[in-house]
Amino acid sequence: MLQPFEEFKQTYIQRLIQLDRRYLVSQTYYRMKEMDADPASSRINLLFSDYVELGEARLHLNAVKKDRYAAIIDLKNPVHLDKIREMLTEGSGYRMFFAVVRSAKELENLVNNRYKDKLKQYVEKQTNWRISRDAIVKPTIQLSFGEIFIILKHGNQHIRIKFEEIE
């Protein structure tokens, strides 16, 4: 299973505040849970997405509201800030990730190389696109509300697929 996101670090907090990206939305990070070597691990895996506007954060929260760890964290609220810092300490029981990738291009290349056969199968089974055997379907990666999506284009048509459907 692909795990493309960066681990959330203490240094990100001050940088996010400086960039006025003060709102974080937390949610359970299921991709990491499925990759845990120790199924008895009691660490809670969280994914954070950052926002400038509270309204954007609320939209994201609404999309994941059934998640028990879904919350809006305001980095300018001292109580929230203290909690995040506490969660970042070793032994806190949390492992946190940031919904950013080091290189979007590298991720697209990885998906192209590792999942090209599955992408072709998806296109053959789920679309009416007529694509020659030697044609290469190149995906674009999109992140939305902590989910990875693949955008496939053919001619003037395009489809948006949750990455887990391909994986």
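Which residues are buried in helix α1 (residues 10-18)? In this predicted model, the buried positions of helix α1 are Ile13, Leu16 and Ile17. Because these three residues cover an arc of only 95° around the axis, they are placed on the same side of α1, whereas Thr11 and Gln18, on the other side of the helix, are exposed. The buried residues of α1 pack against β2, β3, α4 and β5, and just after the helix Asp20 adopts a positive phi of about 60°.

The strands that take part in this packing belong to an open sheet of five strands, arranged in the order β1-β5-β3-β2-β4 with mixed pairing. The edges of the sheet are occupied by β1 (6-7) and β4 (71-74), and because each of these has a single partner strand, one side of each is left without a neighbour in the sheet. For β1, the pairing with strand β5 (residues 94-98) is in the antiparallel sense and extends over two bridges, with Glu7 standing opposite Phe97 in β5.

Two further helices pack on the sheet. Helix α3 (residues 54-63) touches β2 (23-28), β3 (44-51) and β4, and its direction makes an angle of about 10° with that of β2. Helix α4 (residues 78-87), against which the buried residues of α1 also pack, touches β3, β4 and β5, with a direction that makes about 105° with that of β4. Edge strand β4 is thus touched by helix α3 and by helix α4.

Definitions and conventions. Residues numbered from 1 in each chain as written. Predicted model: local features only at pLDDT ≥ 70, side-chain atom pairs only at ≥ 80, totals over all residues. Heavy atoms only, no water. Pairing = 2+ DSSP bridges. Helix = DSSP H or I, 4+ residues; strand = E, 2+ residues; numbered from the N terminus. Contact = heavy atoms within 4.5 Å. Axes fitted to C-alpha atoms, helices over the stretch in contact; angles between N-to-C directions. Buried < 20%, exposed > 50% of the residue type's maximum accessible area, 1.4 Å probe, protein only. Arc of directions from axis to C-beta.
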